[in-house]
Amino acid sequence: MYIGIDFGTSYSAAAAIINGKLCMVRFGEAEQFRTAVFFPELVPDPNDFALTPELEAQLEAQLRLARTQQRQQAAAAAARGQAPVSRSEDELRHEALRVVRRQWMEDQTREATASVASFQHALFGEDAVEGYLDSGGGNLIESPKSMFGYRLDPQVRKVIVHIATHILEHIRLTASKQFGVPVRGAVIGRPVEFRSSMGAQGSEQAIEILREAAAVAGFDHVIFLEEPAAAAMHYHKSLEARQHALIVDIGGGTTDVAHAELGGGVAPNIARSWGLPKGGTDLDVSVSLHSFMPLLGKDTIRVPQHQFVEAASVHNLPKQREFRKQNYRLVPAPYGARLRALQELGATTRLNQVAERTKITLSGSPHYRAELDFIEPGLAVEASSEDFNTAIESFLNQLERTLATVRGDLDALPASVFLTGGTSRSPQIKARVEASFPEIPLVQGDPSLGVVSGLAVAASEI
Ligand SMILES: Nc1ncnc2c1ncn2[C@@H]1O[C@H](COP(=O)(O)OP(=O)(O)OP(=O)(O)O)[C@@H](O)[C@H]1O
Ligand SMILES: [Mg+2]
């Protein structure tokens, strides 16, 4: 059996057409789940440290280095006419042992993180986020799709493939159980352009990662379909007369546009597509930078701007690691303590949750009080819709430019614009799309389930 899978940046869903009817795969009570995985880390025990011959050799090398350094320092001190600071052989050995032991712990931690065993206790969706925040340890990977197109070192790539595998396996097993037959094939949605640090090569890598992961997850046959094409499939079924339409899908990680011939009982024909590798998760980062980071010293203290961006970018593991590495001991009060609190495990995830809530609330109401107690008791921000508009202006401009390109590329105006994707729930975003095509009607599709239902239709036609 084939199913349609929307492996979204923020939310994932799956569905099949059974007896001509759309059947959503249910994850617990829900028809989609947050694309997040938590797996507890196998924390290495320092008591397991024992000097193997290999570690013994490292210790000796470390000790030789320390002796050489001590001799050089002594010579330099003598040249300045000062008394040398000399440490005993015991002290040198003790220090060398400490260095070797620390290195060993770091290696163990790295191995544990990459180990497949730790994936057996994975949690998915909101449970993953909660599991992470409750456990005070382990690893939370949110929106792994955002990383598929990035330059990844082989170790990280392996971890990312494992994560994608677990998500796809979770979907396959849940669907097989619900439908009572083994699910072996899938039509998986893909953005026109993945978020990438390597241009088109990033999208190729992303597809490779998904292919590898799907195979390990037990899918024997996999087909990829562009997400706007899938969204169009659904709209297509609802149109009696043939027309040219523009499909705009503004999701969590990417914005996809497709020009298609739809309706009239003939197969849909996707003529052309465009992509902007930006979406709702970028709006969360913008809200965080605009409304929250000034409370942590942005624009006030002499911490480089990029460190605030790194702190806000929860979906980018290397950036998060960079931020956690910084030393804010000398940053003046109250910012130093706040930055250090944000470096605590789980704090950037919490900040991002508040940013997303702020974004969603300000999409509909004029004010939101964002509580940041986890950074400092009583810390809060009163954010207004003007703040929100300022924060998202750069995204709105990019969206406008993309739509202007689309307009310029088309020979004739389409009959309608079909708008979908979670981010299209924001009236500000919708207004900007409308303003780019004022002459034609804007049809609002189901923001969440449009893509997956189209993929299910495609799956049923195989
Ligand atoms: N009312 C709202 N206003 C603004 N944004 C919203 C609203 N509701 C949900 N969102 C945002 O929509 C995004 C998720 O949309 P969607 O489910 O279409 O994305 P996705 O399919 O997971 O991502 P992609 O298609 O880019 O891979 C999230 O960033 C979420 O915060
Ligand atoms: Mg999507």
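Student: How many helices and how many strands are there in the protein?
Tutor: The model is a predicted one, and its elements can be counted from the N terminus onwards. In the protein as a whole, that count comes to 14 helices and 16 strands.

Student: What does the C-alpha trace of the protein span along its principal axes?
Tutor: The protein has 462 residues, of which 51% count as buried. Taken along the principal axes, the C-alpha trace spans about 95 × 50 × 40 Å.

Student: Which strands are the edge strands of the open sheet that has five strands with mixed pairing?
Tutor: The order of the strands in this open sheet is β12-β11-β10-β15-β16. An edge strand here pairs on one side only, and that description applies to β12, which covers 269-276, and to β16, which covers 442-444. The edge strands are therefore, on the rule that a pair needs at least two bridges, β12 and β16.

Student: In what sense do strand β10 and strand β15 pair, parallel or antiparallel?
Tutor: Strands of a sheet pair through backbone hydrogen bonds, and either sense is possible. Strand β10 holds residues 243-250 and strand β15 holds residues 416-420, with five bridges between the two. One of the bridge partners is Thr 420 in β15, which is matched with Asp 249. The sense in which β10 and β15 pair is parallel.

Student: Which helix lies across β10, β15 and β16?
Tutor: The helix in question is made of residues 427-436 and runs at about 150 degrees to β16. Glu 434 has its place in this helix, and the C-alpha atom of Glu 434 is 39 Å in space from that of Thr 165, although the two are 269 residues apart in sequence. The helix that lies across the three strands is α13.

Student: Does Ser 291 count as buried or exposed, and why?
Tutor: Ser 291 lies in helix α7, which takes in residues 280-292, and beyond its neighbours within four places in sequence Ser 291 is in contact with Val 381, Ala 383 and Asp 387. The relative accessibility of Ser 291 is 11%, and the limit for this class is under 20%. Because its value falls under that limit, Ser 291 counts as buried.

Student: What is the relative accessible area of Glu 434, and which class does that give?
Tutor: The class in between buried and exposed runs from the limit of 20% to that of 50%. Glu 434 has a relative accessible area of 39%, and so Glu 434 is partly exposed.

Notes
Residues numbered from 1 in each chain as written. Chains lettered and ligands numbered in written order. Predicted model: local features only at pLDDT ≥ 70, side-chain atom pairs only at ≥ 80, totals over all residues. Heavy atoms only, no water. Helix = DSSP H or I, 4+ residues; strand = E, 2+ residues; numbered from the N terminus. Contact = heavy atoms within 4.5 Å. Axes fitted to C-alpha atoms, helices over the stretch in contact; angles between N-to-C directions. Buried < 20%, exposed > 50% of the residue type's maximum accessible area, 1.4 Å probe, protein only.
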